[in-house]
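Notebook open, coffee ready. I'm going to poke around in this one and jot down what I find.

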Amino acid sequence: IDELLKSIRTLRSRVEQRMVPMLFDARGTRGNISDADVERAVDAVRHAMTGGGVRGHVAVVADDDAFYAGVLRYETRCAEIGVRVIRVFRHLDDAQHWLEVVAAARNLR
């Protein structure tokens, strides 16, 4: 979770980069994510939304069962606070395809 949050803060620190879709490839990352870490990550998202507004879509790829379960809890908790631009995937191709689709849909407006 720390690396994901660091990437989001760093890569989206400039206003012109906030709407750029982001792919976070966590394949190979192993282990459980505690509920406290999930809540810490959700708090960071909440803070980002109140301080800087809307952000671009984020796709997280996780292939380890335990890690996937943790980032899936993160996705769910973010959705519960109204942030529906974060999705978790098992496969890189699925994540890339989703980002392409949501970017294309956004450009149709």
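**Entry 1: a pair in α2.** Reminder to self: this is a predicted model. I began with Arg-46 and Asp-43, whose side chains meet in a salt bridge, 2.5 Å from N to O. The two sit 3 residues apart in helix α2, so about one helical turn separates them. That fits the textbook: an α-helix has 3.6 residues a turn, so residues three or four places apart point the same way. Buried or exposed, or something in between? Arg-46 is partly exposed at 33% relative accessible area, and Asp-43 is partly exposed too, at 41%.

**Entry 2: more salt bridges.** I looked up the total, and the structure holds 9 salt bridges. One of them pairs Glu-39 with Arg-77, with the closest N and O atoms 2.7 Å apart. Glu-39 belongs to helix α2 and Arg-77 to helix α3, so this pair ties together parts 38 residues apart in sequence. Arg-77 also meets Glu-80 in a salt bridge, 2.7 Å from N to O. Those two both lie in α3, 3 residues apart, about one turn of the helix. Shared partners join Glu-39, Arg-77 and Glu-80 into one network. For exposure, I noted Glu-39 at 30% (partly exposed), Arg-77 at 22% (partly exposed) and Glu-80 at 54% (exposed).

**Entry 3: α3 itself.** Next I checked the helix length. The 16 residues of α3 should span 22 Å at 1.5 Å a residue, and its end C-alpha atoms are indeed 22 Å apart. Which residues of α3 are buried? I got Phe-67, Tyr-68, Gly-70, Val-71, Tyr-74, Glu-75 and Cys-78. Looking down the axis, I see these buried residues fall within an arc of 165°, so they line one face of the helix. Asp-65 and Glu-80 are exposed on the other side.

**Entry 4: the buried Glu.** Glu-75 caught my eye, since it is a buried residue at 14% relative accessible area. Where does its side chain go? The side chain of Glu-75 reaches the backbone nitrogen of Val-88 at 2.8 Å. Beyond its neighbours within four places in sequence, Glu-75 is in contact with Ile-86, Arg-87 and Val-88.

**Entry 5: the core.** The largest nonpolar core has 23 residues, and Val-60, Val-71, Tyr-74, Cys-78 and Ile-86 have the most contacts inside it. I found that α1, β1, α2, β2, α3 and β3 each supply at least two of its residues. Another core, of 7 residues, lies apart from it and includes Trp-98 and Val-102.

Conventions:
Residues are numbered from 1 along each chain as its sequence is written. This is a predicted model: local features need pLDDT of at least 70, side-chain atom pairs count only at pLDDT 80 or more; totals for chains, interfaces and linings use all residues. Side-chain values use heavy atoms; hydrogens and water are left out. Buried means under 20% relative accessible area, exposed over 50%, partly exposed in between (1.4 Å probe, protein chains only). A polar contact is a pair of N or O atoms within 3.5 Å; within protein, one must be able to donate a hydrogen and the other to accept it, and residues adjacent in sequence count only if both atoms are side-chain atoms. Contact means heavy atoms within 4.5 Å. Helices (H or I, at least four residues) and strands (E, at least two) are DSSP runs, numbered from the N terminus. The expected span of a helix is 1.5 Å times one less than its number of residues. The arc is that of the directions from the helix axis to the C-beta atoms. A nonpolar core is a set of buried Ala, Val, Leu, Ile, Met, Phe, Trp, Tyr and Cys residues joined through side-chain atoms within 4.5 Å. A salt bridge is a side-chain nitrogen of Lys or Arg within 4 Å of a carboxyl oxygen of Asp or Glu.
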